[in-house]
Amino acid sequence: MDAQAHGRCLCGQVQFAVQLPVRWVAHCHCSMCRRGHGAGVVTWFGVAPAQFQLQHGEIVWFRSSEQAERGRCQHCGSPLFFRSTRWPDELHIVLAAMNEPIAQSPQSHVYYADHVSWLPLADTLPRFRTLPREDNAPSTS
């Protein structure tokens with residue numbers, strides 16, 4: 001039997017399951033994620049859409065850019081999901097929404113060029129100005 005992890009929104013109206021393993025885990029520092037979540041950094045993981053199962057509730061999708069949409073609970077507004085035409089074979093899920101560990105730790109910081117100065121980071125993960133796929137040189141700032 002494949003391993004699963006479960007997640008939910010703040011109010012519990014949206015509940016979902018994810019088949020493990022996930023593809024990747026990263027801390028995102030882009031301004032859109034920060035504003036959408038009201039946080040200095042947002043940790044996401046990626047899965048194939050077939051690995052995701054909505055078990056309860058309804059997701060409301062908001063077009064946040066020409067290429068992307070962000071999914072929230074229609075009741076409490078918890079930001080949970082991201083999908084983009086740039087990566088049509090992936091669904092990105094907020095790690096903080098998970099009920100149990102997903103058996104993979106964050107691997108890097110992405111869009112680190114947009115990081116906030118008021119949140120000090122002490123880890124040694126690679127910091128990419130944009131994305132590892134687009135920017136192979138880690139950021140030193």
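How many Å apart are the mean positions of the positive and negative charges of the protein? They are 6 Å apart, taken over 12 positive and 11 negative charges. Keep in mind as you click around that this is a predicted model.

**Whole chain first**

Show the protein as a cartoon and colour it by secondary structure. You should find one helix and ten strands, and from the N terminus on they run β-β-β-α-β-β-β-β-β-β-β. The radius of gyration is 15 Å against the 14 Å that the globule rule gives for 141 residues, so the protein is as compact as a globular protein of that length. If you draw a box along the principal axes, the C-alpha trace spans about 40 × 35 × 30 Å.

Now switch on the surface. Its accessible area comes to about 7800 Å², and carbon and sulfur atoms hold 53% of that. Of the 141 residues, 43% count as buried. If you like contact maps, plot one: among contacts with a separation of 6 or more, 54% are between residues 24 or more positions apart.

**Stop one: the cis bond**

Select leucine 20 and proline 21 and check omega. The peptide bond from leucine 20 to proline 21 is cis, with omega near 5°. Proline 21 sits in the loop between β2 (15-19) and β3 (24-28).

**Stop two: histidine 109**

Next, pick histidine 109, which is part of strand β10 (residues 108-110). Is histidine 109 buried or exposed? Its relative accessible area is 1%, under the 20% cut-off, so histidine 109 counts as buried.

Show the side chain of histidine 29 as well: a polar contact of 2.8 Å joins it to the side chain of histidine 109. Then bring up the rest of the surroundings. Leaving aside neighbours within four places in sequence, the contacts of histidine 109 include His27 and His29, along with Leu121, Asp123 and Leu125. Pro126, Arg127 and Phe128 also touch histidine 109.

**Stop three: two positive phi angles**

Move along to tyrosine 111, in the segment after β10. Tyrosine 111 isn't a glycine, yet its phi is positive, at about 55°.

Then go back to alanine 103, in the loop between β9 (91-94) and β10. Alanine 103 is another non-glycine with a positive phi, this one about 65°. Which side of the exposure cut-off does alanine 103 fall on, buried or exposed? Its relative accessibility is 75%, and exposed means over 50%, so alanine 103 counts as exposed.

Terms used. Residues are numbered from 1 along each chain as its sequence is written. This is a predicted model: local features need pLDDT of at least 70, side-chain atom pairs count only at pLDDT 80 or more; totals for chains, interfaces and linings use all residues. Side-chain values use heavy atoms; hydrogens and water are left out. Helices (H or I, at least four residues) and strands (E, at least two) are DSSP runs, numbered from the N terminus. Buried means under 20% relative accessible area, exposed over 50%, partly exposed in between (1.4 Å probe, protein chains only). A polar contact is a pair of N or O atoms within 3.5 Å; within protein, one must be able to donate a hydrogen and the other to accept it, and residues adjacent in sequence count only if both atoms are side-chain atoms. Contact means heavy atoms within 4.5 Å. The radius of gyration is taken over C-alpha atoms; the globule rule is 2.2 Å times the number of residues to the power 0.38. Accessible areas come from the Shrake-Rupley method with a 1.4 Å probe; for residues, only the protein chains shown count as cover. Lys and Arg count as positive and Asp and Glu as negative; His and the chain ends are not counted. The place of a charge is taken as NZ of Lys, CZ of Arg, CG of Asp or CD of Glu.
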